[in-house]
Amino acid sequence: MAKKTASEKTDKPKRASKKKEVTLRLEDVLMNCRNIMRGKASMTVRRDIILTLVFLKFLDQRFQEQREKIISQYKDQPKFLNLVMERENAYQQEGVSYLETDCRWDTILMLDGATRALDLDNIINKLNQDDRLRGALPAKIFTDSKIESNVIKQLAEEIDKIGDYRFTEKDLIGRVYEYFLQAFSINADKEEGEFYTPHSIVETIASLIEPYNGIIYDPCCGSGGMFVQSAKFIASHNGDTKKITVYGQESNPDTYRLAKMNLAIRGISYNLGEEPASTFTSEKHKDLKADYIMANPPFNLKKWRGEGELTTDRRWAGYGVPPVSNANYAWILHMLYHLNPSRGIAGFLLANGALGDPDTVEIRQRLIENDKIEAIIVLPREMFYSTDISVTLWILNNNKRGGTWHDRQLRDRTGEVLFVDLRTWNQNIYEKKYVQLVPEQIQQLVRIYQKWQSIDTKPNQFAQPELYRSVSIDEIETNGWSLVPSRYIEFVDRDTNLDYEAILAKASEKTSELISRQQKNQDALSKAFAALGYKA
């Protein structure tokens with residue numbers, strides 16, 4: 001296909017008329033994509049093919065949008081315009097990948113059926129030469145899948161329906177990519193499902209630690225959701241996403257690719273290391289000190305190091321070596337090591353067992369005595385696709401001394417920890433059984449947290465039964481260094497209001513009815529046997 005000349009527009013005006021012809025729901029189009037691929041390959045292959053085509057579609061959309069800006073900027077200088085339009089730097093300086101003609105979406109839609117899979121893999125190979133996209137796209141995914149050419153064509157045509165000319169979603173790219181990440185994570189097995197952290201949880205972490213600017217780090221970044229939510233948080237507060245620097249690491253090669261796609265498609269600059277690797281045994285950012293850390297590590301990871309391995313690692317200095325049997329405290333100490341020592345703040349998730357694990361009590365004691373723990377927030381059950389257990393959100397803070405923070409005046413909170421229990425916030429169900437926190441609940445939690453931090457709060461009076469309480473380190477010590485919120489938050493003993501005599505009387509009555517019914521059945525059975533000439 002020939003390149004467009006400077007005087008030619010992109011295909012948006014041509015497609016604008018479709019809005020009058022067809023009215024579609026975005027959810028219907030997205031579901032159609034899943035249905036087209038249903039049963040065609042393994043879940044992972046279906047996921048990668050759909051997300052790759054979505055990526056190619058939106059990569060082209062961002063390219064065309066930048067192209068339109070260039071045309072508008074230089075429309076009165078046609079000779080200069082032709083030169084600028086094909087200059088890669090004119091796109092890359094805005095975080096957009098320059099696409100050669102044979103990599104553009106219109107070309108993809110017109111690929112010959114006989115060689116469609118091979119041509120798509122060649123396009124991917126070419127895009128993988130781009131430094132920003134290197135390793136983001138799966139090699140030979142279309143030819144290796146052996147999915148029929150007409151199915152790929154049908155899928156591409158369905159994805160072609162997704163565009164700003166038809167749908168007015170504020171963040172259409174993010175909405176579509178997020179939909180497929182979530183859909184495939186829900187249907188994945190336990191290990192595969194770890195590539196995605198539910199949106200409401202990521203939004204909760206971002207809202208609490210407020211990653212406005214500086215360095216953001218995720219040592220187990222999955223598909224990159226923490227970074228995406230940070231960028232969205234900044235944008236929603238009229239901030240500049242160019243003021244954040246993103247660092248991450250991921251050990252799973254497939255998930256590593258998903259993260260690179262997720263970030264590249266949204267124009268977020270990142271450094272995930274040159275390859276997927278274990279954060280514990282092959283650190284890619286050894287000297288990094290982050291202003292913010294957001295993470296959802298694998299819960300209760302076993303055998304994360306070999307026996308005798310990493311026993312003198314600098315990350316455990318002053319705290320003790322985390323046990324091989326469980327990586328929970330290895331994650332905590334790794335993140336603490338990489339926090340900016342004067343102002344770093346971290347929000348991350350761990351299984352509830354880490355709150356009182358007897359094998360790690362000495363490490364936990366030192367963390368509490370060193371005043372690194374700011375808040376412990378227990379989340380409702382059924383929030384994750386990979387487990388149904390209740391999970392805890394931890395907040396570590398290297399500066400609890402107070403002062404100005406994001407235009408708020410904070411009091412000195414040294415020697416205190418805020419405990420919050422959200423297990424009763426489980427009313428908002430989606431996908432039949434999963435629980436999510438809605439924006440109103442997230443904001444309520446943020447208000448609790450920020451009120452506790454504020455200069456007019458008296459910590460010894462900051463409590464609401466069955467929801468939250470501010471607790472001194474001295475009290476935590478008397479509880480054996482346990483961080484289980486129910487040890488500190490007041491819970492009403494509803495059993496004290498029960499009428500036990502009435503309950504026992506009713507139970508006795510039910511038991512008598514059951515015995516009587518069984519006796520009647522036995523009598524009827526005896527009569528039946530007698531009528532047949534048998535003795536009961």
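**Strand β7 and a cavity**

Strand β5 (residues 345-351) pairs with β7 in the antiparallel sense, over 7 bridges. Here a strand is a DSSP run of E of at least two residues, a helix one of H or I of at least four, both numbered from the N terminus, and strands pair if DSSP finds at least two bridges between them. The model is predicted, so local features need pLDDT of at least 70 and side-chain atom pairs 80 or more, while totals for chains, interfaces and linings use all residues. Residues are numbered from 1 along each chain, and side-chain values use heavy atoms, without hydrogens and water.

Within the pairing of β5, Ala-351 stands opposite Val-391 of β7. Strand β6 (residues 373-378) also runs antiparallel to β7, joined by 5 bridges. Here Ile-377 has Leu-393 of β7 as its bridge partner.

Strand β7 covers residues 391-397, and 7 of its 7 residues are buried (under 20% relative accessible area, 1.4 Å probe, protein chains only). It is therefore largely enclosed by the rest of the structure. In a regular strand, side chains alternate between the two faces of the sheet. From β7, Val-391, Leu-393, Ile-395 and Asn-397 point one way, and Thr-392, Trp-394 and Leu-396 point the other way.

Elsewhere, the second largest cavity (grid points, 1 Å apart, where a 1.4 Å probe fits but cannot get out) is lined by residues with an atom within 4 Å of a point, including Leu-53, Ile-108, Arg-116 and Glu-157. Helices α7 (105-109), α8 (116-127) and α10 (149-159) each supply at least two lining residues. The largest share, 4 residues, comes from α10.

Technical notes: Buried < 20%, exposed > 50% of the residue type's maximum accessible area, 1.4 Å probe, protein only. 1 Å grid on protein atoms, 1.4 Å probe; cavity = no way out; pocket = protein on both sides within 12 Å on 5 of 7 lines; lining within 4 Å.
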